[in-house]
Amino acid sequence: MKFFQLDVQEPELKAELDAAYQRVLANGQLILGPELAAFEAEFAAYCGAGQAIGVGNGLDALVLTLRAAGVGPGDEVIVPSHTFAATWLAVTQVGARPVPVEPDPASYTISAEAVGAALTPRTAAVIPVSLYGHPADMDPILALAADRGLFVLEDAAQSHGAEYRGRRTGGLAHATAFSFYPTKNLGALGDGGAVTTSDAALADRIRKLRNYGSARKYEHELSGVNSRLDELQAAFLRAKLPRLDAANGARRTHAAAYAEALTDIPGVTPPAEAAWARHVYHLYVVRCADRAATQARLAQAEVQTLIHYPTACHQQPAFAELGFRPGQFPLAERLAADVLSLPMWPGMDEGAPERIAAALRSQSGIS
Ligand SMILES: Cc1ncc(COP(=O)(O)O)c(C=O)c1O
């Protein structure tokens, strides 16, 4: 069984993607045109945010937002010790210093207490990551940030449509960064990203930064970059956005089946969902007492698994200059050693979780 499947199965969606392509061809405008404007309005409304700004990818969404918020050299930014490296790369790319805090091991997200303990006079921002599709406990983080004048940027690259106390990611923090990388819950047919925010001045700066620092042709107010969500990707995303809730619902059904099927498997711990969260299971990540053995058993049963992520950020060569030591973030190191992602995609066969559990059960001697 494959880890996920990207080819379009639904004939109706395929027809809509074809129509989106034809619409862009007929219009002839390929960059910063009507499809992007429409997608930005539709995605902002979906998230409950004032605005969305389409950019080239999720990393740029983070970088441009930090730049627009004035975060730079001399600043510290609190990040989870366990996340995809892009969260940290965004901070180092603006010249600021990532200050890692260990996540809650049940939800893999950071808490206000952990953030509070890491504050220094140089702390300028916090990036809670809704890792694997589970949002962080945002209200206490936002309250702390309001007290200390900190900027809160949610990294929701993995959590389109996830909810925190009934509100969707994208409408929770001062700004939220999304990725539309093809495997994401809302995925384009190539790279893409967006920032959502209800801060009009911040949105205005991000719009300029993504387009050579310019709002009017050949007038460059800021030292910007070229990072725009193109018309074709925006048109494809418009076809997929109305299907996001159903796709997330299917992921949740698979997750419930996994949780039930895995209860009697020793050494495999399924993920948890906080009472205030609606997890969207971008990834279905279990913790393993013996990951190599579990992964090998599944490979024998032809079940593909992946590891998100095998090396903690503080041990990546890209961050060597920060001077972190092995053992400094023990939870991040433990997670890097024991997490395993099982197959998960909306169109996955409904019997898959039980078959995967059966493969683990038969080989661990439980009948
Ligand atoms: C948590 C997280 N942040 C940021 C990114 C960066 O997104 P992109 O791949 O679109 O640059 C990703 C996705 O890969 C991610 O998973």
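In this predicted model, the side chain of serine 179 puts an N or O atom 2.7 Å from an oxygen atom of the ligand. Taken by itself, the ligand would expose 380 Å², and the protein buries 90% of that. Two other residues also make polar contacts with the ligand. Aspartate 155 brings a polar side-chain atom to 2.7 Å from a ligand nitrogen atom. Leucine 59, by contrast, uses its backbone: one of its N or O atoms there sits 2.9 Å from an oxygen atom of the ligand.

Serine 179, aspartate 155 and leucine 59 all belong to the set of residues around the ligand. That set also takes in Asn57 and Gly58, along with Phe84, Ala86, Val129, Ala157, Gln158, Lys184 and Gly192. Sorted by class, this shell comes out as 5 nonpolar, 5 polar and 2 charged residues. Asp155 and Lys184, both in the shell, are the charged ones.

Turning to the pockets, the second largest one holds about 180 Å³ of space. Its lining includes a run of residues from Ser214 through Ala215, Arg216 and Lys217 to Tyr218, together with Asn211, Tyr212, His220 and Arg228. Leu32 lines the second largest pocket too. Strand S10, which spans residues 214-216, supplies the largest share of this lining, with 3 residues. As for class, the residues lining the second largest pocket split into 4 nonpolar, 3 polar and 3 charged.

Conventions
Residues numbered from 1 in each chain as written. Predicted model: local features only at pLDDT ≥ 70, side-chain atom pairs only at ≥ 80, totals over all residues. Heavy atoms only, no water. 1 Å grid on protein atoms, 1.4 Å probe; cavity = no way out; pocket = protein on both sides within 12 Å on 5 of 7 lines; lining within 4 Å. Points joined across faces, edges and corners; volume = space filled by probe spheres on them. Helix = DSSP H or I, 4+ residues; strand = E, 2+ residues; numbered from the N terminus. Near = heavy atom within 4 Å. Polar contact = N/O pair within 3.5 Å; in protein donor to acceptor, adjacent residues only side chain to side chain. Areas by Shrake-Rupley, 256 points an atom, 1.4 Å probe, with all protein chains shown as cover.
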